[in-house]
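Colleague: I am new to this structure and would rather start with one part than with everything at once. Please choose a single part, look at it closely, and then follow its surroundings outward.

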Amino acid sequence: MPSSDESASLTPAVFHCGDDLVAAECTDTRSAQALADHLRESGEWLECVAGIASCVARFDLAATSPAEAEERMLSELRTVPAAREAGTDIVEVPVCYEGDHGPDLDDVCELLGIDRETFIERHTGETYTVDMLGFTPGFAFIGGFDAAQDVPRRPEPRVRLQPGSIGIAGGRTGIYTLPGPGGWQIVGRTPMRLFDAGAEQPFRLRAGMLVRFVAIGEKAFAAECAE
Amino acid sequence: MTIRIVKPGLQTTVQAGPRTGQRHLGVPASGAADPLSLALANRLVGNTLLAPALETTLTGVSVRFERNCFAAVTGAKARVWLNGERVKRHRTLAVAAGDELEIGPAKAGARNYLAFAGGVDVAEVLGSASTYLPAGFGGFQGRAVRAGDVLSVAPVHDAPEMLTTPRDFRPLAGTSWALRACYGAEVDCLDKDSRFDLFDTNFSVGNRADRMGLQLEGARFDVKSRGRLASAPVFPGTIQCPEDGRPFLLSIDAQTIGGYPRVAQVARADRHLIGQLRPGDHVRLLWRDTESAREELLAKHDYWREWLPGIRTII
């Protein structure tokens, strides 16, 4: 809501996106994560989920009215701590960019006006931060691939992707952990298992971790899958 | 006590309550797509309302009992047979060892719930006994049941009361549905006409209709997102509209984050109905502001409390 109050510009916009969902706009993913963590610690919300530039909280509509939830969100925003610093350990994620593993790689290269080798060089040449987990269990949103800032999602999502598919969209890399639908441009595939429901620690990556991609060939991919 | 699956049907899974509080890790709700019908079935066999039961999809299921047991069927409109004799839904059924219970194809609605006194005995994964098929965890071995599978039912000490759901508390499955809904976060991605049409279209449910979500057909909207929208949280009941202009209604297994404009959100009071939508059904969205949606939820709770005192934990 627009406001004439000058202090309003310091407070992120709070809005409803459903009868039991209240959201706050955030300047970036790390502040969205920090807000979601802060809300979760309060124990007052049913779900606290960060997006790329927003945080949505679900509340018990039977106990709390939408107006009360909005008020609560505004007051939480006044006490949210600063975003945490990223860690220093780097997780290396092997990626096969060859063959059928990256069905959209040629399209992405054409869009960026570069060849495959240059793309792979750039994608593996940076250290990235895991912005968040989401979409499906363990799906990792990995920020900082600025070269691909202008790569959009596919206009129509694919119905079934292979687990381990590495997608690109809007300057981010995403890793699909499960077979299923997805709209990102698929440039490769990792043999690494990022989610295991039965494991004591089901999630290989967590928000805030550092990641590097390492190019591997099709043989190495097949060998790692067989392990 | 065990039951054996004779005919598994199209997609029969063990479902209980949802997984909550883990969407930030990418863990979807899952659980009964129509939790109200699950609760009604459990009520009839003396279980807690969200005890694990079998959820069928469109085609039904048939099971054989290895011991005496109590069972109940609620949900989609379908015939039910016990050893070839028609029996009623919405009733506590006393079954004997060797009996075979069959639920026929759904004639209206999509899902039936077959509950057993004691509940299906499966381990909880990430906080719930419900099956999440896309990742293959929860429920019975993380998958839909197959012919020959043997499922354990937890023991009960006392026989449940023999009950019939009062007529006023038996939801009717039809082929036309109205879902109350509020605006979503990116309703602005639709122009004024499209926003009007969203609540003025007789949608039909497309063939892509499963526990993750359903395609709504009947109108194509002009969406101004250019495919670059920042990925944002989505929930069961969120209606997304990708650039192809065809709205997609997310259901109980919905992903936690989505990149397409969220144009509307089905109100909490009506989300349980999503589980009964089937391809070809007609759907209309009824616009509500958030405060009236709350009033209507409280009214719905008041109505159901008489038969299901725990209704607030169900819908």
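Modeller: Helices (H or I, at least four residues) and strands (E, at least two) are DSSP runs, numbered from the N terminus. With that in hand, my chosen part can be placed: Ser30(B) lies in the loop of chain B that runs between strand E2 (13-15) and helix H1 (35-44), and this loop with the helix after it is what I will follow. What you see is a predicted model, in which local features need pLDDT (the predictor's confidence in each residue, from 0 to 100) of at least 70, side-chain atom pairs count only at pLDDT 80 or more, and totals for chains, interfaces and linings use all residues. Residues are numbered from 1 along each chain as its sequence is written, while chains are lettered from A and ligands numbered from 1 in the order in which they are written. For chain B the mean pLDDT is 96, with 99% of its residues reaching 70 or more, and for the complex the predictor gives an ipTM of 0.96 and a pTM of 0.90.

A residue is called buried if 20 or more other C-beta atoms lie within 10 Å of its own, exposed if 12 or fewer, and partly exposed in between, with C-beta atoms placed from the backbone. Ser30(B) is buried because 30 other C-beta atoms lie within 10 Å, and its phi is near 50°, a positive value in a residue other than glycine. Asn83(B) also has a positive phi, about 50°, although it is not a glycine; this residue sits in the loop between strand E6 (80-82) and strand E7 (85-87) of chain B, and with 13 C-beta neighbours inside 10 Å it counts as partly exposed.

Past the loop comes H1(B), where 10 of the 10 residues are buried, so the helix is largely enclosed by the rest of the structure. Those buried residues run from Pro35(B) to Leu44(B), and they include Ser37(B), Asn42(B) and Arg43(B). They pack, through contacts (C-beta atoms, placed from the backbone, within 7 Å), against E2, strand E3 (53-55), strand E5 (69-77) and strand E10 (108-116) of chain B. Just after the helix, Gly46(B) takes a positive phi of about 75°.

One residue of H1(B), Ala41(B), leads on to the core. A nonpolar core is a set of buried Ala, Val, Leu, Ile, Met, Phe, Trp, Tyr and Cys residues joined through C-beta atoms within 7 Å. The largest such core has 161 residues, and Ala41(B) is one of those that touch the most other members, together with Cys55(A), Ala71(B), Leu114(B) and Ala115(B). Leaving aside neighbours within four places in sequence, Leu114(B) is in contact with Ala41(B) itself, and also with Ala53(B), Leu54(B), Val61(B), Ala71(B), Val73(B) and Ile103(B).

From here the view can widen to the place where the two chains meet: 42 residues of chain B are in contact with 46 residues of chain A. On the side of chain B that touches chain A, two or more residues come from each of strand E15 (232-233), strand E19 (262-266) and H3 of chain B, and H3(B) gives the most, with 7 residues. Counting Ala, Val, Leu, Ile, Met, Phe, Trp, Tyr, Cys and Pro as nonpolar, Asp, Glu, Lys and Arg as charged, and the others, Gly among them, as polar, that side has 19 nonpolar, 13 polar and 10 charged residues.

H3(B) also appears among the partners of a helix in chain A, namely H2(A): its buried residues pack against helix H3 (290-305) of chain B, as well as strand E1 (14-16), strand E2 (21-25), helix H1 (29-42) and strand E4 (54-58) of chain A. In H2(A) the buried residues are Pro66(A), Ala69(A), Met73(A) and Glu76(A). Seen down the axis of H2(A), they fall within an arc of 80° (taken from the directions from the helix axis to the C-beta atoms), so they line one face of the helix. Another link between the chains is Phe203(A), whose contacts, apart from neighbours within four places in sequence, are Leu133(A), Gly138(A), Phe195(A) and Leu25(B). Phe203(A) is placed in the loop between strand E12 (185-189) and strand E13 (210-216) of chain A, and it counts as partly exposed, with 19 C-beta neighbours inside 10 Å.
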